[in-house]
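Reader: Could you walk me through how the terms in a structure description are earned? I like to see each label set against its cut-off.

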Amino acid sequence: MSARLVLLGPPGAGKGTQAARLAERLGVPAISTGDIFRANIKGGTELGRLAQEYSSRGALVPDEVTNAMVRDRLAADDTAEGFLLDGYPRNVAQVAELDAILADSGLALDRAVEITADPEVVTERLLKRAQIEGREDDTADVIRHRLDVYASETAPISDLYAQRGLLSQVDGIGGVDEVTERLLGAIGAPAS
Ligand code: ADP
């Protein structure tokens, strides 16, 4: 079974945690644009310097930068059987770009799975995470802005995937294992 998947959901919905677990179960790499940006920021690269300008205030990194980075990553051999994208696409233009990247190789997306969670719950989670991880963009003001950007730029892409019959929605409230099982069910992965 090929698994070319996109994981959607608001900041704090648990995408990163679940992406790692799903990728392991499905045998495909989890690709998080946020993680790639953070690694570049830490490594002091030019891409990192640019990404930080935007991510530190909760804004999206410009599409041409993000799109080129994703195109490059999806060209790697480990994506031959599939991938699980976390944090991309994040606006309608990125949806079109992902289509184009895949179409260039004669491929298409298999499914988009959205983890749903109440904004109040995710804000709580992010503020708690801030105390543990100290992420630069986990302050109350920046969290609020990230949730606004999600609502205006990212939430509309669920409708696009729904219109194509590709969207499954999964309740993100519950235990980590419970949510993983729901997601595997939505993807149609064989039970372990
Ligand atoms: P979260 O989902 O918790 O907000 P991520 O780790 O996915 O955080 O992303 C952190 C930051 O990286 C975003 O706020 C944004 O600045 C940048 N980023 C990540 N993915 C994208 C993307 N697809 N397009 C533009 N910017 C992105």
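Author: Happily; here is a short conversation about strands, cores and empty spaces. This is a predicted model, in which local features need pLDDT of at least 70 and side-chain atom pairs count only at pLDDT 80 or more, while totals for chains, interfaces and linings use all residues. Residues are numbered from 1 along each chain as its sequence is written, and side-chain values use heavy atoms, with hydrogens and water left out.

Reader: Let's start with Ile115. Why is Ile115 called buried?

Author: Buried means under 20% relative accessible area, exposed means over 50%, and partly exposed lies in between (1.4 Å probe, protein chains only). Ile115 has a relative accessible area of 0%, so it is buried. Ile115 belongs to strand E4, residues 111–116; strands (E, at least two residues) and helices (H or I, at least four) are DSSP runs, numbered from the N terminus.

Reader: And what makes Thr116 partly exposed?

Author: Thr116 has a relative accessible area of 29%, so it is partly exposed. Thr116 is also in strand E4.

Reader: How do you know what Ile115 and Thr116 touch?

Author: Contact means heavy atoms within 4.5 Å. Not counting residues up to four places away in sequence, Ile115 touches several residues, among them Leu7, Leu8, Gly9, Val170 and Leu183. With that same exclusion, Thr116 touches Gln169, Val170, Asp171, Gly172 and Ile173.

Reader: What makes you say that E4 is largely enclosed?

Author: 5 of the 6 residues of E4 are buried, so E4 is largely enclosed by the rest of the structure. For strand E1 the count is 6 of 6, so that strand is largely enclosed too. Both faces of E1 are covered: Ala3, Leu5 and Leu7 are buried on one side, and Arg4, Val6 and Leu8 on the other.

Reader: How do you know that E1 and E4 pair?

Author: Two strands pair if DSSP finds at least two bridges between them. E1 (residues 3–8) and E4 have 4 bridges in the parallel sense, with Val6 opposite Ala112. E4 is also joined to strand E5 (residues 167–171) by 5 bridges, again parallel, and Glu114 has Gln169 in E5 as its bridge partner. On to E3: E1 pairs with E3 in the parallel sense over 5 bridges, and Leu5 stands opposite Leu84.

Reader: Why is a group of residues called a nonpolar core?

Author: A nonpolar core is a set of buried Ala, Val, Leu, Ile, Met, Phe, Trp, Tyr and Cys residues joined through side-chain atoms within 4.5 Å. The largest one has 22 residues, of which Leu7, Leu22, Leu26, Leu84 and Leu183 touch the most other members. The elements giving two or more residues to this core are E1, H1, E4, H6, H7 and H9, and H9 has the largest share with 4 residues. Leaving aside neighbours within four places in sequence, Leu183 is in contact with Leu7, Gln18, Leu22, Val113, Ile115 and Val170. A second, separate core of 17 residues includes Ile31, Ile101, Leu109 and Tyr161.

Reader: What makes one empty space a cavity and another a pocket?

Author: On a 1 Å grid over the protein atoms alone, a cavity is a set of points where a 1.4 Å probe fits but cannot get out, while a pocket is an open set with protein on both sides within 12 Å along at least five of seven lines; lining residues have an atom within 4 Å of a point. Grid points are joined across faces, edges and corners, and a volume is the space filled by probe spheres set on the points. By this rule there is 1 cavity of 30 Å³ or more. The largest cavity has a volume of about 70 Å³, and its lining includes Leu7, Tyr88, Pro89 and Arg90. A cis peptide bond joins Tyr88 and Pro89, with omega about 0 degrees.

Reader: And which residues lie nearest the centre of the largest pocket?

Author: The largest pocket has a volume of about 1,100 Å³. Its lining has 45 residues, with Arg38, Arg90, Arg129, Arg135 and Arg146 nearest the centre. The largest share of that lining, 7 residues, comes from H2.
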